[in-house]
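Here is a quick walk through one protein model, from backbone oddities to helices and a pocket. Have the viewer open and follow along.

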Amino acid sequence: MTPRPRAVIAMNPPALADNLFGPHRARLASLVDVRGDVLTEFDSDHARTLLADAEILLAGWGCPQVDDAVLEGMPRLAAVVFAGGAAGAVLDTVEAVRRGIVFTNAGEGNAQAVAEYTVATIVLAGKRARYAEQIYRRGRAFVDREAELVDTGNFGRTVGLVGASRIGRRVAQLLIPTDVRVLVYDPYVSAEEVHALGAQKVALDELLAASDIVSLHAPASAETDHMIGRREFALLRDGAVIINTARGSLIDHEAMRPHVRDGRIDAILDVTEPEPLPADDELWSLPNVTLTPHIAGATGNELHRLGRDVVDEVARYVAGEAFIGFERVPGVV
């Protein structure tokens, strides 16, 4: 019988491994020989011993950076499977390519969780559910919906998606069965690709001015830092809602403040800059600002989906098949 490849799990907190692999432990154990406990650091003699023998690294959030120095101590490493959006978050992918190490991620599973959360948030924002809950709780009596909730509902709403990322595309696809119009801004995606998603490609200014609800799905980069700033907030129509499940750095929070402070727009922020906000920040108490603690991505039993995807990729590796996850590596063709 061919010996199973040796694998090491690295993530922090260690309990994350149980949440990911709980229902999949038996299958994982049938594929690879998982050595030792879950590593949270690579500097101890114990960690170095395990890493030196590993053929596969199963990495997750909180995994220490796997840089050139760490790779030097992993002469047998052939594959890295990251239980998150991109292995590049923890792995020096350029060096990995140079060394012939293959890598993949569970980004599709996480994208599904974020997209589901986003679509649910869009629907509730269109229904003005939080406002309705507030007046109901405040009055504790019958609410005349036709009088007090006139501008609610999603029929004919315009939703603008900033970024046709893996998540942005999934959001667009999930919105297809609804009666909303979807606009997409992404300079790197063609109009034909956007049309295939059931949406229309437009410039950012047009999207902001035309949308009832704007949802951000761009990556954090120098190009997107504070991409929604003073000028962009001024373009939003009165009563618009902005949703951020991407990265807090996409929004200039100082530029946003006057617009939410006077109630001109609503904001639903699953990510902020900084994260979390200071305890005395006014955004905590504004009735038209919803703050959630970075829960759009996989949480709870949704982590089992990521674990399943990781084990599926491990099975492909063991069978000699190519990973289905793909990551572009800067500077590498």
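Where is the place of Pro13? Pro13 sits in the loop between strand E1 (6-10) and H1, and that loop makes a handy way into this predicted model.

## Cis bonds

The loop with Pro13 has a backbone quirk: going from Asn12 to Pro13, the peptide bond is cis, and its omega is near 10 degrees. Another cis bond links Glu275 to Pro276, with omega about 0 degrees. To find Pro276, look in the loop between E11 and E12.

Back by Pro13, helix H1 holds Ala15. Ala15 counts as partly exposed because its relative accessibility is 43%. If you want a distance to check, take Ala15 and Ala111: their C-alpha atoms are 22 Å apart in space, with the two positions 96 residues apart in sequence.

## The whole chain

Zooming out, the protein has 333 residues, and 48% of them count as buried. Its secondary structure adds up to 14 helices and 12 strands. The C-alpha trace spans about 75 × 45 × 35 Å along the principal axes.

The exposed surface of the protein is about 16,400 Å², with carbon and sulfur atoms supplying 54% of it. How do the contacts spread along the sequence? Taking contacts between residues at least 6 apart in sequence, 65% of them join residues at least 24 apart.

## H6 and what follows

H6 is a well-covered helix, with 15 of its 20 residues buried. Its end C-alpha atoms are 28 Å apart, and this agrees with expectation because 20 residues at 1.5 Å a residue should span 28 Å.

After H6 comes Arg128, with a positive phi near 55 degrees, even though Arg128 is not a glycine. Arg128 lies in the loop between H6 and H7. Is Arg128 buried or partly exposed? Its relative accessible area is 30%, so Arg128 is partly exposed.

Arg140 is another non-glycine residue with a positive phi, this one near 50 degrees. Look for Arg140 in the loop between H7 and helix H8 (145-148). Arg140 counts as exposed because its relative accessibility is 73%, the cut-off for exposed being over 50%.

## The second largest pocket

Arg128 turns up again at the second largest pocket, where Arg128, Arg130, Tyr131, Val241 and Asp266 are the lining residues nearest the centre. The pocket has a volume of about 580 Å³, and its lining runs to 32 residues.

Which elements supply at least two residues each to that lining? They are H6, helix H7 (129-139), helix H13 (253-261), strand E11 (266-269) and strand E12 (289-291). Sorted by class, the lining of the second largest pocket comes out at 15 nonpolar, 8 polar and 9 charged residues.

## H14 and its neighbours

Helix H14 covers residues 303-318, which makes 16 residues. From first C-alpha to last, H14 reaches 23 Å, close to the expected 22 Å. Its buried residues are Leu303, Leu306, Gly307, Asp309, Val310, Val311, Glu313, Val314, Ala315 and Tyr317. In an α-helix there are 3.6 residues a turn, so residues three or four places apart point the same way.

What do the buried residues of H14 pack against? The partners are helix H1 (15-21), helix H2 (25-31), strand E3 (56-59), strand E4 (79-82), strand E5 (102-105) and helix H6 (107-126). Just after H14, Gly320 has a positive phi of about 80 degrees.

## H9 and Ala218

H6 also helps cover helix H9 (residues 166-175): the cover over the buried residues of H9 includes H6, strand E6 (158-162) and strand E7 (181-185). Those buried residues are Gly168, Arg170, Val171, Ala172 and Leu175.

Finally, try Ala218, in the loop between strand E9 (213-216) and helix H12 (230-235). Ala218 counts as buried because its relative accessibility is 10%, and the cut-off for buried is under 20%. Beyond its neighbours within four places in sequence, Ala218 is in contact with Val162, Gly163, Thr224, Met227, Ala246 and Leu250. The C-alpha atoms of Ala218 and Ser165 are separated by 6.5 Å, although the two residues are 53 residues apart along the chain.

Technical notes:
Residues numbered from 1 in each chain as written. Predicted model: local features only at pLDDT ≥ 70, side-chain atom pairs only at ≥ 80, totals over all residues. Heavy atoms only, no water. Helix = DSSP H or I, 4+ residues; strand = E, 2+ residues; numbered from the N terminus. Expected span 1.5 Å × (residues − 1). Buried < 20%, exposed > 50% of the residue type's maximum accessible area, 1.4 Å probe, protein only. Contact = heavy atoms within 4.5 Å. 1 Å grid on protein atoms, 1.4 Å probe; cavity = no way out; pocket = protein on both sides within 12 Å on 5 of 7 lines; lining within 4 Å. Points joined across faces, edges and corners; volume = space filled by probe spheres on them. Nonpolar A, V, L, I, M, F, W, Y, C, P; charged D, E, K, R; others polar. Areas by Shrake-Rupley, 256 points an atom, 1.4 Å probe, with all protein chains shown as cover.
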